[in-house]
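Here is a short, friendly tour for anyone who likes to think in rings, torsions and accessible areas. Have the viewer open and follow along at your own pace.

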Amino acid sequence: MRDSTFAWLVLAASVLAEVGGTIALRYADGFTRIFPSVLSGLCYSAAIWLMAIAVRHMEVGLTYAVWAGSGTALTAVLGMLWFGESVSFLRLAGLSFIVLGVIALNLSAR
């Protein structure tokens with residue numbers, strides 16, 4: 001497996017871990033529930049560890065932009081689908097701009 005493919009897969013795992021930690025926060029109830037609180041901490045730790053591995057093979061700016069943008073967009077979509085959070089034109093437009101920004105950064109890194 002090429003280094004760049006490995007880095008992208010590790011970064012994707014990092015995004016999923018970060019989103020998992022954020023969803024667990026929703027259930028942690030202000031860190032008063034032990035299992036979701038511990039799960040949140042473990043997920044965030046895994047996310048940072050995985051991103052540290054990915055950044056060995058990718059530019060720091062690109063890595064962080066993809067991680068933050070993808071995590072934000074995925075968390076927002078899951079919030080709308082899973083928790084019934086509001087769906088509006090502005091929210092969808094904002095998500096579109098996040099995706100376009102990540103694509104632009106990725107293209108400019110090549």
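The notes below go through a helix, a surface patch, the aromatic pairs, a loop and a buried serine.

Please keep in mind that this is a predicted model. Its aromatic pairs number three, and its loop between α1 and α2 holds Asp 29, whose phi is positive although the residue is not a glycine.

**Helix α4**

- Helix α4 runs over residues 89-108, which makes 20 residues.
- From first C-alpha to last, α4 reaches 28 Å, close to the 28 Å expected at 1.5 Å a residue.
- Which residues of α4 are buried? They are Ala 93, Leu 95, Val 102 and Asn 106.
- The cover over these buried residues of α4 includes α1 (3-28) and α3 (60-82).

**A nonpolar surface patch**

- Ile 34, Phe 35, Val 38, Leu 39 and Leu 42 make a nonpolar surface patch of about 530 Å².
- One of its members, Leu 42, sits in helix α2, residues 34-54.
- Leu 42 has a relative accessible area of 55%, and because the cut-off for exposed is over 50%, Leu 42 counts as exposed.

**Aromatic pairs**

- A pair of aromatic rings is described by two quantities, the distance of the centres and the angle of the planes.
- How many aromatic pairs are there? The count comes to three.
- For Tyr 64 and Trp 67, the ring centres are 5.7 Å apart and the planes stand at 35°, so this pair is tilted. The reason is the angle, because planes under 30 degrees apart count as stacked and over 60 as edge-to-face, with the rest as tilted.
- Both Tyr 64 and Trp 67 belong to helix α3, where they are three residues apart, about one turn of the helix.
- In an α-helix there are 3.6 residues a turn, so residues three or four places apart point the same way.
- Tyr 64 is partly exposed at 48% relative accessibility, whereas Trp 67 is buried with a relative accessible area of 12%.
- Trp 82 and Phe 83 form a stacked pair, with 5.8 Å centre to centre and 10° between the planes.
- Trp 82 is exposed, its relative accessible area being 53%, while Phe 83 is partly exposed at 22%.
- Ring pairs also bring in Tyr 27, which is linked with Trp 82 and Phe 83 into a cluster.

**The loop between α1 and α2**

- Where does Asp 29 lie? Asp 29 is in the loop between α1 and α2, and its phi is near 50°.
- Phe 31 is found in the loop between α1 and α2 as well; its phi is positive too, about 60°, although Phe 31 is not a glycine.
- Are these two residues buried or exposed? Asp 29 is exposed, with a relative accessible area of 52%, and Phe 31 counts as exposed at 57% relative accessibility.

**A buried serine**

- Ser 14 has its place in helix α1.
- At 0% relative accessibility, Ser 14 counts as buried, because the cut-off for buried is under 20%.
- What does Ser 14 touch, leaving aside residues up to four places away in sequence? Its contacts are Ala 47, Leu 50, Met 51 and Trp 67.
- One of those contacts, Trp 67, is itself buried and is the partner of Tyr 64 in the tilted pair.

Terms used:
Residues numbered from 1 in each chain as written. Predicted model: local features only at pLDDT ≥ 70, side-chain atom pairs only at ≥ 80, totals over all residues. Heavy atoms only, no water. Helix = DSSP H or I, 4+ residues; strand = E, 2+ residues; numbered from the N terminus. Expected span 1.5 Å × (residues − 1). Buried < 20%, exposed > 50% of the residue type's maximum accessible area, 1.4 Å probe, protein only. Contact = heavy atoms within 4.5 Å. Patch = residues over 30% accessible without salt bridge, like charges linked within 9 Å, V, L, I, M, F, W, Y side chains within 5 Å. Areas by Shrake-Rupley, 256 points an atom, 1.4 Å probe, with all protein chains shown as cover. Salt bridge = Lys/Arg side-chain N within 4 Å of Asp/Glu carboxyl O. Phe/Tyr/Trp six-rings, centres within 6.5 Å; stacked < 30°, edge-to-face > 60°.
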